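Let's take a walk through this structure together, starting at the metals and working outwards along the helices. Please keep the model open beside the text as you read.

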Amino acid sequence: MQYQSQAVAKPYFIAAIGLFVGQILFGLIIGLQYVVGDFLFPEIPFNVARMVHTNLLIVWLLFGFMGAAYYLVPEEAERELHSPGLAILMFWIFLVAGALTVLGYLLVPYAGLAEMTGNALWPTMGREFLEQPTVTKVGIVIVALAFLFNIGMTILKGRKTVVSLILLIGLVGLALLFLFAFYNPENIVMDKFFWWWVVHLWVEGVWELIMASILAFVLIKTTGVDREVVEKWLYVIIAMAFITGIIGTGHHYYWIGTPEYWQWWGSIFSAMEPIPFFMMTIFAFNMVNRRRRNHPNKAAILWAMGTAVMAFLGAGVWGFLHTLAPVNYFTHGSQITAAHGHMAFYGAYVMIVLTIISYAMPMMNGRKAANSARSQVVEMWSFWLMTVAMVFITLFLTAAGILQVYLQRFSDSPLPFMVTQDKIELFYWLREISGVVFLIGLVLYIASFFVGKDDPEAAITDVEATA
Ligand code: HEM
Ligand code: HEM
Ligand SMILES: [Fe+2]
């Protein structure tokens, strides 16, 4: 660690992983409820557990992004963080607010939670991913503002690099677009229209900047390739992300009551959305091929390469699969959507956060550059278990989705929704089994930080020595 204040990233990363475990446990609960309908009923109904699953995902990814920024920005800016104290204070505020919100979901019926938190005064609740009570949303904005101030001041007073500026633009965009969570028009077409400005413009817009900059940072550090090369890649990737992703929002406007021209605009522009993801894949392989040093943290490099590949598969390939209006007409809101949602979120954003944690955590734990060889072996096992499990979850859901679309929407004698669901039950069981393997992988990821702690430092080659 080059700067003391980078250490504030550590609690953010630990909280992220803790909440990740919670997310997966709730994923397993709803996965089981799919096949054993009254599992945990009435204690934890499906709609509540689903909300906890998706909200925990978003919250832990935000913890991860903030931790990444607190780690990366001082090193890029070549100075200490503007205010480490503020960063720690915000950590606790965010953690307590997050925990209270999840407890609220679990302990109070949702309508009661809305009443308790004064949703009537400024209604923002009840929409997927944005279910948080309005007060929690206000809390998120306060934490985001303090965070952006802290990061912004550090960059302003220090060295300005393309990597940290792109990260900052991505994070400012994330906060600005979140403000649409407070806009909740009565008209349901308008409501859906702007809901996507948060959800789509996050994952297919500003979050891509965050992902590209973290990926670039880890690759610069581990390969020693010149910044000039990396920066040229970043400019083109970011330009392509915006050119395709902004109008690409139209792929959500096909059937919600918006004008018909969106079927053309949405299809054409979103069909090009895989390009920036593919460029990130090429970029990552290019960097590793041109490497000028052999960094001892092999696990972090594996995560970085894995991110570049899996993001392209999940977002690029599985996104393209159902993005053209004539295809989406049949697949909309089916298990195809869920298959894509899982692999895209995992491949792009889960994996990039695990990459930066894998790279930074050993140094924050007092290692020179990497964990011991034994620890890295365990971590690589966790990489393969989680990644292969997610590939299977995606494949099973895709199979379920194809059957669902055929039986329920395409065949000459379409079946009712629930009859179809009964017929594809097998795939839901297989998804659940893959989910258990995923959890084992996650447990190994955590274990890897405790394994081989006492191995001799000799196991770790000095970065500079091998440069
Ligand atoms: C990492 C980036 C991405 C993530 C995390 C992501 C995630 C998701 C999620 C969670 C949904 C379901 C939303 C809901 O209805 O609740 C969704 C829907 C969709 N995504 Fe993505 N996505 C990404 C990139 C892409 C790309 C690049 C494309 C196109 C090439 C795409 C095409 C679609 C389409 C067409 C839908 C609507 C499906 C439907 O009609 O039911 N996505 N995405
Ligand atoms: C890192 C891993 C995971 C990520 C990123 C993730 C992400 C998501 C997302 C974005 C959704 C909303 C999807 C949509 O509306 O289309 C979702 C729903 C869901 N997830 Fe996960 N999830 C993960 C792991 C799991 C696991 C391990 C299981 C269970 C085995 C699981 C089971 C479910 C179920 C059953 C739903 C509800 C689907 C529905 O409403 O029909 N997830 N997850
Ligand atoms: Fe989208």
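Donors here are N, O and S atoms within 2.8 Å of the metal (3.2 Å for Na, K and Ca), and water is not among the atoms, so sites may look incomplete. This is a predicted model, in which local features need pLDDT of at least 70 and side-chain atom pairs count only at pLDDT 80 or more, while totals for chains, interfaces and linings use all residues. Residues are numbered from 1 along each chain as its sequence is written, chains are lettered from A and ligands numbered from 1 in the order in which they are written, and side-chain values use heavy atoms, with hydrogens and water left out.

Begin with the iron atom of ligand 1. Its only protein donor is His340, which reaches the metal through NE2 at 2.0 Å. The iron ion (ligand 3) lies 4.4 Å from the iron atom of ligand 1. Which residues coordinate this iron ion (ligand 3)? The donors are His200 through ND1, Glu204 through OE, listed twice, and His251 and His252 through NE2, at 2.1 to 2.7 Å. Along the sequence, the donor residues of the iron ion (ligand 3) follow the spacing H-x3-E-x46-H-H. Within this set, the pair of Glu204 and His252 links distant parts of the chain: Glu204 sits in helix H7 (residues 188-223), and His252, 48 residues apart from it, in the loop between helix H8 (227-248) and helix H9 (262-271). Helices (H or I, at least four residues) and strands (E, at least two) are DSSP runs, numbered from the N terminus. Both Glu204 and His252 are buried; buried means under 20% relative accessible area, exposed over 50%, and partly exposed in between (1.4 Å probe, protein chains only).

Now follow His340 back into its helix. His340 belongs to H13, which covers residues 335-364, and H13 packs against other helices. Two packed helices are described by the angle between their axes and the distance between the axes. Axes are lines fitted to C-alpha atoms, for helices over the stretch in contact, and angles run from 0 to 180 degrees between N-to-C directions. Helix H11 (residues 298-320) meets H13 at about 160 degrees, with 8 Å between the axes. H11 and H13 are therefore roughly antiparallel; angles over 145 degrees count as roughly antiparallel, under 35 as roughly parallel, 65 to 115 as roughly perpendicular and the rest as oblique. In the contact of H11 with H13 there are 18 nonpolar, 8 polar and no charged residues. For these classes, Ala, Val, Leu, Ile, Met, Phe, Trp, Tyr, Cys and Pro count as nonpolar, Asp, Glu, Lys and Arg as charged, and the others, Gly among them, as polar.

H2 is another partner of H13. The axes of H2 and H13 come within 10 Å and cross at roughly 40 degrees, so these two helices are oblique to each other. Contact means heavy atoms within 4.5 Å. Among the residues that meet are His53, Trp60 and Tyr71 in H2, and His342, Phe345 and Met364 in H13. By class, this contact of H2 with H13 has 17 nonpolar, 3 polar and no charged residues.

Stay with H2 a moment longer. Ala69 lies in this helix, which spans residues 46-77, and Ala69 counts as buried because its relative accessibility is 0%. Not counting residues up to four places away in sequence, Ala69 touches Pro74, Phe147, Ile151, Leu167 and Leu171. The C-alpha atoms of Ala69 and Ile210 are 9.2 Å apart, although 141 residues separate the two along the chain.The loops on either side of H2 are worth a look too. In the loop between H1 and H2 you will find Leu40, whose phi is positive, about 60 degrees, although Leu40 is not a glycine. Leu40 is partly exposed, with a relative accessible area of 30%. A cis peptide bond joins Phe41 and Pro42, with omega at about 5 degrees, and Pro42 is also in the loop between H1 and H2. In the loop between H2 and H3 sits Glu78, a non-glycine residue with a positive phi of about 55 degrees. Glu78 is partly exposed, at 48% relative accessible area.

Finally, turn to helix H1 (residues 9-35) and helix H3 (residues 84-107), which pack at an angle of about 15 degrees with their axes 11 Å apart. That makes H1 roughly parallel to H3. The contact of H1 with H3 has 10 nonpolar, no polar and no charged residues, including Tyr12 and Phe26 in H1 and Phe91 and Leu95 in H3.
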